[in-house]
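Let's take a walk through a protein model together, starting with the whole chain and then zooming in on a few side chains. Have a look at the picture before you read on.

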Amino acid sequence: MAIGYVLGSRAGRERYEQIKRTAQRVADSPRVQEVAGVVGAQASRLAGVAKSKVGATLQHRIPFLSADDHHPDTGTGWPEEDIVDKKARESGIPY
């Protein structure tokens with residue numbers, strides 16, 4: 001039984017090393033590197049577009065994120081009541 005275990009584990013280790021070498025060769029391939037770079041650039045561009053769209057939407061919907069309505073900080077972390085009421089009337093969304 002011990003011989004079977006040793007032979008099986010050796011065969012398993014050899015197969016693991018073979019798979020590992022193949023994966024490393026694929027990852028190091030110039031074509032794979034090029035594709036990974038293009039995909040990464042596209043992902044970054046799309047993330048930037050999504051961030052700007054979501055950010056613009058949030059600034060319109062959440063009054064205290066809007067830079068144009070900046071008022072002195074009250075220290076509470078919440079906007080002044082008149083700002084909230086004004087934004088709620090403008091957007092139709094009660095806060």
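Of the 95 residues in the protein chain, buried ones make up just 7%. Keep in mind that you're looking at a predicted model. The accessible surface of the chain adds up to about 8,100 Å², and carbon and sulfur atoms account for 61% of that surface.

Now for the overall layout. What elements do you meet as you go along the chain from the N terminus? The order is α-α-α, with 3 helices and 0 strands in the protein chain. Helix 1 covers residues 2-28, helix 2 covers residues 30-61, and helix 3 covers residues 81-91.

How far does the predictor trust its own picture? The average pLDDT of the protein chain is 76, and 63% of the residues reach at least 70. Which element has the highest mean pLDDT, and which the lowest? Helix 2 comes out highest, at 86, while helix 3 has the lowest value, 69.

Time to zoom in on the side chains. The structure holds 2 salt bridges, so let's visit each in turn, using the cut-off that a side-chain nitrogen of Lys or Arg must sit within 4 Å of a carboxyl oxygen of Asp or Glu.

Start in helix 1, where you'll find both Glu-17 and Arg-13. These two form a salt bridge, and their closest N and O atoms are 3.0 Å apart. Along the chain they are separated by 4 residues, which is about one turn of the helix. Is Glu-17 buried or partly exposed? Glu-17 counts as partly exposed because its relative accessibility is 22%, and buried would mean under 20%.

Next, hop over to helix 2, home to Glu-34 and Arg-31. Here the side chains of Glu-34 and Arg-31 meet in a salt bridge, with 3.5 Å from N to O. This pair is 3 residues apart, again about one turn of the helix. Glu-34 has a relative accessible area of 48%, so Glu-34 is partly exposed. Arg-31, at 54% relative accessibility, counts as exposed, because the cut-off for exposed is over 50%.

Methods: Residues numbered from 1 in each chain as written. Predicted model: local features only at pLDDT ≥ 70, side-chain atom pairs only at ≥ 80, totals over all residues. Heavy atoms only, no water. Helix = DSSP H or I, 4+ residues; strand = E, 2+ residues; numbered from the N terminus. Buried < 20%, exposed > 50% of the residue type's maximum accessible area, 1.4 Å probe, protein only. Areas by Shrake-Rupley, 256 points an atom, 1.4 Å probe, with all protein chains shown as cover. pLDDT = per-residue confidence, 0-100.
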